[in-house]
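Please look over the sequence and the model shown here before reading the report that accompanies them.

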Amino acid sequence: MKIITISYRLPLSIKKQNRKTTITQTAGGLATAVLSYSEKSNANLTWVGVADFEKSTWENHKDGFSKNFEIEPVFLDKKLNKNFYNVFSNSVLWALFHYFPSYMEYNDEAFEAYKTANQIVADKVNEIYEPGDIVWIHDYHFLGLANLIRQQHPDAKIGFFLHIPFPNFEIFRIMPNKVKRYLLEGMLGANLVGFHTWDNAIHFTECVEKILGLNQRGFVFSQDSHRTKVGSFPISIDFDKFYDAYDKPNVIALRNEIAELYHDKKVIFSVDRLDYSKGINNRLNAFESFLEKFPEWKEKVVFLLVIVPSREEIGKYGERKRMIENNISRINGALGNYKWTPVVYQYQSVDFDKLIALYSSAHVALISPVRDGMNLVAKEYVAARKDLRGVLLLSVLAGAAKELQEAITINPFDTELIAEKINLALLMDESEQERRMQRMQNYLRTHDVFRWASRFLSETEEMHSHDNQAQPL
Ligand code: F6P
C-alpha cells in the first residue's frame, strides 16, 4: 500500500549553477509530516504535482536526484497551465474564497482549462493507483479531482483537504451553476473533506445542501458509491524544528547582528507572501496611526516588513505591490528622518535561519490578514520564541486566531484600535509575555503538523473502512 499525495507544487527545487543542474527535495512541513505518517504505517509515498520545469530537465537529471519518496511530475501545456493556475485557480477561486468577489475574473475558457488539468492529473493518479492505496488531495487547484478518481476506482480511499477558506453560500453562489456543481461534486468524491475550521466546514455543507440538494447527517453526506464526512482539521507546523532553531549558532549570530543594529529600538515584524488577502496596507496604516497617536515611540521603534514575491504574473498582485510600496514610501517620507526609517522593507524571501532570527528578535509580530485559512506565520512566531518573549498581534480573520487564544486579536480594519494594541504590546511586562507564550507553545507542541497529518489520514482510512464493512446482509 502507498500514499499518493497530490498538490499543485512539488516538494522539490531545481537549481542551475555553472551549467550544472541539481534537483533537491524541499523539506516543507507538509512533506515531512506525510512522510512521517507513511513511515509509521509502513507505506510508500508518491507525490504528484504540476512541474514548473521542462520535461527534458526532469528526464536528464532525475536519476541523480536523491529523495525520500517517489515524485511524479505532471507536464501541462503553457497556455493550459496559465488558464488553470493563473486564471481559474488564482483569479476566480482564490479571489472568491478569500471574499474578494470584485477581483474575480471568470471566463469559460479558464473553467474548461481547470477541468482539463484536473482530468490530466486524475489520469496520472489512475495510472499509478493500486487497490489499498490512500489518495490525499490538497487544495483549491484540485476541487474536481476526487470525483474523477472515484469514477475510475469506486473503492478508493480518498481524502481532500482545503488549505484556504471555504466561503459562505452567498459568495460561492456567484459562480455559474455548472461550475458550482462541478466543484462540489468533485469534492464529494472524497471519503473525507477537511477544512481548517468548523466555520468553513459549515459553509461547505450549506453549499452542498442548497446547491446539490443533498442532506447531511452529523456532517456526513451519503451517496450511492460512498459516504463523505466533513470536518475541521487545523493545519500546524513542525513545532520542534522552529523551537530548537533558536539555539542554532547561525541563528544566534544573526540575532546578535539584529540586536546590535536596533539596540535602541523595539522591533515590530511581519512576513507574508505578497497577497491582497494578507492585509499588508491595513497594518501599514495602523503602524502610521500608532506613530501619530503615540509620538513618544518615534525613533524608538522600527517595523521590519518582509514580503515574499508571489504570483507575479497576475495583475492584482502587481497592483497590490505598487499600492504597498507607495504606502511605505509615503509613511517613511512623512514620519522618518535622516536618522530613522520607520518601515524597513524587503521584497525577497528569507532563508530559514534569518527567519528564526527575525522572529526571535521581534518584540511584536503584527499579523493582519483580511482573510486567511490558517496563517502559519503566527504559529511559527510562537514556536520560535524559546525565550518566551514577544507579543503576537493576530487578525481575528485568520483561522489561527481560533487556536492561539493568548494572542492579542485585532480587526485589520480597526486602525485606531490596532494602534492602541501595538502600544500595549510594546509595553507588556515580561511575565505577561511569558505567560501568553507558554500557553500557546503548550498548545502547539501537542497540536503539530504530524498530529494534523496523522489525524487526517487515519480518519480517511476509518471513514473508508466503515463504508466497506457496513454492507447490509
Ligand atoms: O495557502 C495556499 C497556497 O496554495 C499554499 O499551499 C502555497 O504554499 C501558497 O498558497 C503559495 O501559493 P503558490 O503555490 O500559488 O505560489
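The report below covers the ligand shell, the nonpolar core and one group of paired strands.

This is a predicted model, in which local features need pLDDT of at least 70 and side-chain atom pairs count only at pLDDT 80 or more, while totals for chains, interfaces and linings use all residues. Residues are numbered from 1 along each chain as its sequence is written.

Around the ligand (C-beta atom, placed from the backbone, within 6 Å of it) stand Tyr-8, Arg-9, Asp-139, His-163, Ile-164, Arg-273, Ser-310 and Arg-311. This shell divides into 2 nonpolar, 2 polar and 4 charged residues.

The largest nonpolar core, a set of buried Ala, Val, Leu, Ile, Met, Phe, Trp, Tyr and Cys residues joined through C-beta atoms within 7 Å, has 138 residues, and Leu-393 is among those with the most contacts inside it. Helix 3 (residues 78–97) gives the largest share of this core, 10 residues. Apart from neighbours within four places in sequence, Leu-393 is in contact (C-beta atoms within 7 Å) with residues including Val-364, Ile-408, Lys-421 and Ala-425.

In strand 8 (residues 192–195), Leu-192 and Gly-194 point one way and Val-193 and Phe-195 the other, and all are buried, that is, with 20 or more other C-beta atoms within 10 Å of their own. Its pairings (DSSP finds at least two bridges between two strands) are listed here.

| Partner of strand 8 | Sense | Bridges |
|---|---|---|
| Strand 7 (residues 157–161) | parallel | 3 bridges |
| Strand 11 (residues 227–232) | parallel | 4 bridges |

Within these pairings, Phe-160 stands opposite Val-193, whereas Leu-192 has Lys-229 in strand 11 as its bridge partner.

Definitions and conventions. Ala, Val, Leu, Ile, Met, Phe, Trp, Tyr, Cys and Pro count as nonpolar, Asp, Glu, Lys and Arg as charged, and the others, Gly among them, as polar. A residue is buried if 20 or more other C-beta atoms lie within 10 Å of its own, exposed if 12 or fewer, and partly exposed in between; C-beta atoms are placed from the backbone. Helices (H or I, at least four residues) and strands (E, at least two) are DSSP runs, numbered from the N terminus. Two residues are in contact if their C-beta atoms, placed from the backbone, lie within 7 Å.
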